[in-house]
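Biologist: I'm new to this one, so let's go through it together. Can you put it up on the screen?

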Amino acid sequence: MKTRIVPISASSLREACQILQGGDLVAFPTETVYGLGALGLRSDAVQKIFHAKGRPSTDPLILHLPSPDLNQAVTHHWMAAPIPPFANELAKKFWPGPLTMVVPKGAKVPLEVTAGLGTVALRVPAHPVAEKLLQVLGEPLAAPSANRFGRISPTDASAVLQELEGKIPLILDGGPCPHGIESTVLSLLSDPPTILRPGSITAEMISQIIQTEVLLRSQPRDSKSALPSPGMLENHYAPQTPLYLCSAPIESFPSSYQFILYHRRAASPQAQTYLLCPDGNPSTAAQNLYRILREADQVGSQAIFIDPIPDSPWAPALRDRLHRASAGTANWANGQWNLRPRETT
Ligand code: TXA
Ligand code: MG
C-alpha cells in the first residue's frame, strides 16, 4: 500500500473522512502525539489498527469523542450509566485536552477497543485537525499513538511515515504536536481515582478540581501483569539504541555515544549532544523528548545517555516514559560509565 502524507486542507480532511468511513485507517495529529485512527464503533476497522501497529489485542485503545458532553456519550451507548463521580467536573475542566478517563464501557463499543474489558478509555482531543475530523464524522475514533507497537510515539508526520509506511493509506500532516507526550490516563473506577499513566495534567491539577486525593499507580513491575491497565507495559516507547538514565548531569562525553542534556553545558561536543530543554520550560522538554530520542536513535551509536529530569509538574510523565524506554541506569566514575541494566521482573 502506498502511504501519502498530505497537508491540512478542506479536501484532505474530506478524503480522510471518506477513508475512515470506508473502514480504513488515517493517521492524524492531536495535541499530544499523532494518533492512528479508525471508526471506533466498527470492529473490522479497529482490528486494522492492531494489525498495522503489530499491537497485541490485549492492549485496549482510547476512544476519542466528538464532544465533551458525557450525557451524549451515555445516550449513544459509548459509556454506560451512571456517569462515575467526578467525571462531569473533569470533562468540564479538562476537555478538550490531554486527559483520558477510564469509565464503564457502553454497549456500542466493540470488545476489540477495550481488549475485552468492561471499561473504556475516553478522551476529547484539543487539536483543530482532530476536532474537525470528529465533528464531521459525528462518532468516536479509536486511536492509539501512530507507532509500531513498543516503539517511540510519533510527534510529527515524518515520524509516522517512518513507523507505518506501506501499512496505512493516509497521514494528515498538521505539523509537530504541541505537547509531545501522551495524555494522562485516569481511572475513575477506583476510589480514590488513580492515574494509570502520568501526563501533562497532573495529580495535583486533578485533585484541585475534585477536592479529593488522586493516587498515582506505581511503576508497573513487569509485562506479564496484564490488568488493570494492559497497555502499561514496562518496555515501551523504546529506541533501538540502548538508552541509559544518568544519575547526575552528564559532564563527560566519550565518543561513540550520544548524549541528551536537559540544560545546555559549555563543554559538550555539538555533534553528539541534543538539548531537551533549551528554554528552561519543562513543557519544552516534553515537546522535544520523542523527536530527540528518534533522532539520536538514527545515528546508530553504541548507546544514548540522558541527564536526570529535574523536578517540575512534567517530571512524573517524563520520567515514566524514560524509565520504560531505558535499558538501564548509568553513573560516571573513575573515568568510565558504570551501567546497571534495568530490572524488568
Ligand atoms: O495522548 C494520547 O492518549 C494518544 C493520542 C493519540 O490520543 N493516544 C495514546 O494511545 O497514547 P495508546 O493506545 O498509545 O495508549 C492508550 C493507553 C494504554 O496505556 C492503554 O493501556 C490505556 O490507555 N487504556 C486504554 N483503555 C483502557 C482501559 N479500559 N483501562 C485501562 N487502561 C486503558
Ligand atoms: Mg502508544
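Biologist: Which strand gives the most to the lining of the second largest pocket?
Modeller: First, this is a predicted model, where local features need pLDDT of at least 70, side-chain atom pairs count only at pLDDT 80 or more, and totals for chains, interfaces and linings use all residues. Residues are numbered from 1 along each chain as written, chains are lettered from A and ligands numbered from 1 in the order written, and side-chain values use heavy atoms, without hydrogens or water. A pocket here is an open set of points on a 1 Å grid over the protein atoms alone, where a 1.4 Å probe fits, with protein on both sides within 12 Å along at least five of seven lines, and lining residues have an atom within 4 Å of a point. With three residues, from the stretch 273-275, the top contributor to this lining is strand β14.

Biologist: And which residues line that second largest pocket?
Modeller: Strands (E, at least two residues) and helices (H or I, at least four) are DSSP runs numbered from the N terminus, and β14 covers 273-275. So you'll find T273, Y274 and L275 in the lining. The other lining residues are L261, R264, R265, S268 and Q270.

Biologist: R265 also turns up in a salt bridge; is R265 buried or exposed?
Modeller: R265 pairs with E251 at 3.4 Å, N to O; a salt bridge is a Lys or Arg side-chain nitrogen within 4 Å of an Asp or Glu carboxyl oxygen. R265 sits in the loop between β13 (257-261) and β14, and E251 in the loop between β12 (243-246) and β13, so the bridge ties together parts 14 residues apart in sequence. Buried means under 20% relative accessible area, exposed over 50% and partly exposed in between, with a 1.4 Å probe and protein chains only. E251, at 51%, is exposed, whereas R265, at 13%, is buried.

Biologist: How many residues apart are K48 and D24, and which parts of the chain do they link?
Modeller: These two form a salt bridge, with the closest N and O atoms 3.4 Å apart. K48 belongs to helix α2 (residues 43-53), while D24 is in the loop between α1 (10-21) and β2 (26-29). K48 is partly exposed at 33%, and so is D24 at 27%. That pair links distant parts of the chain, at a separation of 24 residues.

Biologist: What about E295 and R291: by how much of a helix are they separated?
Modeller: Their side chains meet in a salt bridge at 3.1 Å, N to O. Both count as partly exposed, E295 at 36% and R291 at 33%. Because they're four residues apart in helix α9 (residues 282-299), the separation is about one helical turn.

Biologist: How many salt bridges does the whole structure have?
Modeller: Besides those pairs, there's a network linking R148, R151, E163 and R294. A search of the whole structure gives a total of 15.

Biologist: Which element supplies the largest share of the largest nonpolar core?
Modeller: A nonpolar core is a set of buried Ala, Val, Leu, Ile, Met, Phe, Trp, Tyr and Cys residues joined through side-chain atoms within 4.5 Å. The largest one has 47 residues, and L36, L90, L99, M101, L122, I168 and I206 have the most contacts inside it. Elements supplying at least two residues each include β3 (34-39), α4 (87-94) and β5 (99-104). The largest share, five residues, comes from α2.

Biologist: What does I168 touch beyond its neighbours within four places in sequence?
Modeller: Contact means heavy atoms within 4.5 Å. I168 has contacts inside the core, and leaving those sequence neighbours aside, its partners are M1, K2, T3, L25, A27, L36, A52 and V160.

Biologist: Helix α10 is largely enclosed; how many of its residues are buried?
Modeller: Its cover includes β10 (194-197), β12, α9 and β15 (303-306). Among the buried ones are A315, L318, D320 and R321. Of the 11 residues in 315-325, the number buried is eight.

Biologist: Which residue does the cis peptide bond join to A81?
Modeller: Look in the loop between α3 (70-75) and α4. Omega is about -5° there, and A81's partner is P82.

Biologist: F86 has an unusual-looking backbone; what is its phi?
Modeller: F86 is in the loop between α3 and α4, and it's partly exposed at 24%. It isn't a glycine, yet its phi is positive, near 80°.
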